[in-house]
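Look at the fold first, then at the empty space. This report follows that order.

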Amino acid sequence: MKPKVYIDGQEGTTGLQIYERLGGRDDIELLLIDPDKRKDLTERKKLLNAADLCFLCLPDAAAVEAVGLIENEKTKVIDASTAHRTAPGWVYGFPELYKKPEETIGKARFVANPGCHATGFLASAAPLTAMGVLPKDAALTCFSLTGYSGGGKKMIADYENREKAEALYSPRIYGTTLRHKHLPEMKAYAGLTQAPIFCPVVDDYYKGMATTVMLPVSMLTGHPTAEDLCEMLARYYEGETLVQVQPYEKEAAYLAANTMAGKDSLTLVVSGHEEQIIVTALFDNLGKGASGAAVQNMNLMLGFPETTGLSL
């Protein structure tokens, strides 16, 4: 029997992107809500409890409410909101950070999908702390450039309006209070004792991300060069399909933030010299940064090959 899957919040950007990846699959049964009843609590509750797995593509408070509507012990949940990313009883849905994701995410009932900026940061920082190269008390700086689709329907409409404001034609730094909502998971799953100084930037292109972590060599155990660090990360991700490390280039070209647009995979690029290193994660904020990652987690939780339905 095909597993039944329900997307609660399908009309949002993340929900629509998940639906695009699942709509043509014949190995699941996709439960659909009547458009007129998408905010009907009774109808949503019925579908949440009928599903073998549900995606929550909702604001934080609504996601918490949705979990409370599930009255059985079988429905598995992937929450794309911020609500449960560091909550007890939830597994963090970044498969490549586990030695055996089929034993962690694959056997979990509740999985919290990572934030897009957090994905880019953790792709480099988490392996380095795990390998003992990056001290856990390191004071890190992270710069993350994203396309405007990560801001949801209102931001998309603002950017795609023919009469948009002049400021929207240029990169815009935001989160200037330095309390971005992704910081708790960035700190927790990188194994750090303090959150990084994090500077997110949104720009006038639809999708794609470039998340860069700055690393003084003097901070790192053993003082590895950029080339050394590239080899370490390549060994860490050896055999992975959805996260890869680009071979080291002494004179790297420009790095375009939309390089991985349309893909569900992530590429790490290590640059620098003997004293300073940057590691940049290139990926799609709607792919490995959101919906692609959610479907990857679903595949693990339902026993499908990890990359089924994903664009590599």
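Contact here means heavy atoms within 4.5 Å. The model is predicted.

**Helix 3 and its neighbours**

By that contact rule, the buried residues of helix 3 pack against strand 1 (4-8), helix 2 (41-50), strand 3 (53-56), strand 4 (76-79) and strand 6 (110-112). Those buried residues are Ala 63, Ala 66, Val 67 and Leu 69, in a helix that spans residues 60-69. They cover an arc of only 155° around the axis, which puts them on the same side of helix 3. An α-helix has 3.6 residues a turn, so residues three or four places apart point the same way. The face of helix 3 turned away from the buried side carries Ala 61 and Gly 68, both exposed.

**The sheet**

Six strands build an open sheet with parallel pairing, in the order 2-1-3-4-6-5. Its edges are strand 2 (29-31) and strand 5 (91-92), each of which pairs on one side only. Strand 1 and strand 2 run parallel and are joined by three bridges. Val 5 stands opposite Leu 30 in strand 2.

**A buried loop residue**

Thr 82 sits in the loop between strand 4 and strand 5. Is Thr 82 buried or exposed? Its relative accessibility is 16%, and the cut-off for buried is under 20%, so Thr 82 counts as buried. Leaving aside residues up to four places away in sequence, Thr 82 touches Asp 60 and Lys 181.

**Pockets and cavity**

The two largest pockets have these volumes and linings.

| Pocket | Volume | Nonpolar | Polar | Charged |
|---|---|---|---|---|
| Largest pocket | about 850 Å³ | 13 residues | 18 residues | six residues |
| Second largest pocket | about 320 Å³ | nine residues | three residues | six residues |

The second largest pocket is lined by 18 residues, and the closest to its centre are Gly 9, Gln 10, Glu 11, Arg 38 and Leu 58. Strand 1 and helix 3 each give two or more residues to that lining. Strand 1 gives the most, with three residues.

The largest pocket has a volume of about 850 Å³. It is lined by 37 residues, and the closest to its centre are Thr 14, Gly 150, Gly 151, Gly 152 and Lys 181. Elements that give two or more residues to this lining include helix 1 (13-22), helix 5 (116-130) and helix 9 (287-302). Helix 6 supplies the largest share, three residues.

There is one cavity of 30 Å³ or more. The largest cavity holds about 30 Å³ of space. Its lining consists of Gln 246, Pro 247, Tyr 248, Glu 249, Ala 252, Val 269 and Val 270. By class, that lining has five nonpolar residues, one polar and one charged.

Methods. Residues are numbered from 1 along each chain as its sequence is written. This is a predicted model: local features need pLDDT of at least 70, side-chain atom pairs count only at pLDDT 80 or more; totals for chains, interfaces and linings use all residues. Side-chain values use heavy atoms; hydrogens and water are left out. On a 1 Å grid over the protein atoms alone, a cavity is a set of points where a 1.4 Å probe fits but cannot get out, and a pocket is an open set with protein on both sides within 12 Å along at least five of seven lines; lining residues have an atom within 4 Å of a point. Grid points are joined across faces, edges and corners, and a volume is the space filled by probe spheres set on the points. Ala, Val, Leu, Ile, Met, Phe, Trp, Tyr, Cys and Pro count as nonpolar, Asp, Glu, Lys and Arg as charged, and the others, Gly among them, as polar. Buried means under 20% relative accessible area, exposed over 50%, partly exposed in between (1.4 Å probe, protein chains only). Helices (H or I, at least four residues) and strands (E, at least two) are DSSP runs, numbered from the N terminus. The arc is that of the directions from the helix axis to the C-beta atoms. Two strands pair if DSSP finds at least two bridges between them.
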